[in-house]
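Student: Could you take me through one part of this structure in detail? I would like to understand the surroundings of the ligand.

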Amino acid sequence: MKYISTRGQTAPKTFSEVLLMGLAPDGGLMMPEEYPAVSETMLERWRGLSYADLAFEVIRLFATDIPDADLREIINKSYTAEAFGSDDITPVRSLKDGIKIQGLSNGPTLAFKDMAMQFLGNAFEYVLERENRSLNILGATSGDTGSAAEYAMRGKRGIHVFMLSPEGRMSPFQRAQMYSLQDENIVNIAVRGMFDDCQDIIKAVQSDARFKEQYQIGTVNSINFGRIAAQIAYYFAGYFRATENNRETVSFCVPSGNFGNVCAGHIAKQMGLPIRRLIVATNENDVLDQFFKTGAYRPRTTEHTYVTSSPSMDISKASNFERFIFDLTGRDTDQIQALWAEVASGKGFDLHFKLDEIRKEYGFVSAKSTHADRLATIRAVYQDGDGLIDPHTADGVKAARELREPGETVVCLETALPAKFEDTIREALGSSVAVPRPAKLDGLESLPQKVITAPNNAETVKTVIREKLA
Ligand SMILES: *Cc1c(COP(=O)(O)O)cnc(C)c1O
C-alpha cells in the first residue's frame, strides 16, 4: 500500500514513512492510494476476535511494509487490559433508550486519543529502531493531546517529547497528569502565555530548517495517518459488539472537532463495514455542522472560536476534513488545491450541490449542542439511571437522540471519562454527586511535578532542547 497526498504534489510514501510525517510537503494530507476492501468472509472471521487480534487484522491492511510478526507485537503491547482497564478495551453499553455507548476513554489519560497514541508510541519506537534514528517530538497542548502523547511515548527508546503548555491555563487535573511524569525522555515546558503563543513558538522552531534537521524535530498531530489507521479498528470492534450478525447495520455518532475520529469511521464505511450513517456532533464551534447542513465550509478565525464546556472540540477549522473532501471530489487533487486556496484566503467554499451525495452515499448527517444542551443531556442520562457521561460524550448523545430513526442502531462514541471534567458534571448535577475516578489516578494532584517554566519566546525553547539533547 502506497500513500499519496490530497494535493497531488508529493511522491508516494510507505506507511512507515507516513507515520513519521506531519503535513505533506505540498501542504496536503497523506491518504492510502486506495482503501482495502473488507469482504463478508473477512467480517465473519473477525466477529469473534479479541480487540488486539481485530486491530491487527485491520491495521495490517494499511501497514503493509511492517512484517506481520512485528506488527502483531506492536499491537499486543498497545492494547492491553492493564492500559485500558478491561479485556474488552472498548466496552459497549446501552442506555435505557437503546442508544449504545462505546467506551474509548479507558486508557491512561481517560480520553479517546489514547486509542491511537498508544499504538503510535510503539510503532514509532519500532520504526526508529529499525532505521537507527531518533525523533524529538515538539508539541503544544491545552489538554488532551499532549498528555496522551506523553503517556504513549514515556520511556520509549529513541524518542524525546518536548511539550509546551500555557502556564496556569490548564485544570489542576490536566497539569498533574502531565507534569507528574518523571520519565527522563518527557520534558514539560510551561510557557508564560496562551495556547496560541505556544503554537506560534512551535511554528517558529519548525521554520528554522537547520535546527529542525539537526535535532530531528517531529510532531504527533491529529493529521498523522497512523492515528487514523489505529482508530479505524474500533469502528469494527463497535460494530461487532453492537450487532448479532453481519447483515445488520449500525450508525455511529461521533463528538467531533478536528474530524480525525469520524474520518476513521468514514474510511471504515468505505472499506465495507456495514455502517448506515455517520452522525457528526459538534459544540458551539459548529463549522462541521454547518457544512453537513448547508454544504458550505466556513472556517472561523481564532477570535470567533468559542471557549466551551466541551473544550476538546473547540476548533476554528477541522484539520482532517480535507481527507473527506478528497474522496467527495473523486480524489481530484486540482480541485482540492483550489478549494483550500479559498480556505487559506478566509472565504471557505460551498459544495451544496453535493449534499445529496454526502447524505445518501457517504451517510453523513450532523447536529450541534450548546452548553445548556450539554448540561441537560448529562442530567437526563443520570436521572434515567444510566450513570455519568462527560460533556463531549453528552454532545454525541444529544445528537443521537435528535437524529435517530425508528429501528436504527446508534453507537455513540464516548471520547472522555467524566472524571476529566468534574466541574461541568457538578454544574449539571450539583456537588452532592460523586464523580468516580479510576483507582490508578487517586492522589494524582499531590504527586511531585516536573516542569520547566519558560518566557514566551522560541529561543528559550530551542535552548531547552539543545541542552537536553547535548
Ligand atoms: C480530541 C477530542 C475530540 C475531538 O476529536 P476529533 O478527532 O478532533 O474530531 C472529542 N472529544 C474529546 C474528549 C477529545 O479529546
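Tutor: Happy to; here is a walk around the ligand, followed by a brief look at two other places in the chain. Please keep in mind that this is a predicted model.

Let us begin with the shell. The ligand is surrounded by 15 residues, and the closest of them are Lys113, Asp144, Gly257, Asn258 and Thr415. Sorted by class, that shell holds eight polar, five nonpolar and two charged residues.

Now for the individual polar contacts. Glycine 257 brings a polar backbone atom to 2.7 Å from an oxygen atom of the ligand. Glycine 260 also takes part through its backbone, with an N or O atom 3.1 Å from a ligand oxygen. With threonine 415 it is the side chain that matters here: one of its N or O atoms lies 2.9 Å from a nitrogen atom of the ligand. As for how covered the ligand is, it exposes 380 Å² when taken alone, and the protein buries 96% of that.

Next, have a look at lysine 462, which sits in helix α20, spanning residues 458-469. This lysine counts as buried because its relative accessible area is 7%, under the 20% cut-off. Setting aside neighbours within four places in sequence, lysine 462 is in contact with Val205, Asp208 and Phe211.

Finally, the start of the chain. An unreviewed UniProt entry annotates residues 2-79 as "domain: Threonine synthase N-terminal". In the model, that stretch is 42% helix and 8% strand, and its end C-alpha atoms are 26 Å apart.

Definitions and conventions
Residues numbered from 1 in each chain as written. Predicted model: local features only at pLDDT ≥ 70, side-chain atom pairs only at ≥ 80, totals over all residues. Heavy atoms only, no water. UniProt positions renumbered as here; feature names shortened; annotations may be inferred. Helix = DSSP H or I, 4+ residues; strand = E, 2+ residues; numbered from the N terminus. Near = heavy atom within 4 Å. Polar contact = N/O pair within 3.5 Å; in protein donor to acceptor, adjacent residues only side chain to side chain. Areas by Shrake-Rupley, 256 points an atom, 1.4 Å probe, with all protein chains shown as cover. Nonpolar A, V, L, I, M, F, W, Y, C, P; charged D, E, K, R; others polar. Buried < 20%, exposed > 50% of the residue type's maximum accessible area, 1.4 Å probe, protein only. Contact = heavy atoms within 4.5 Å.
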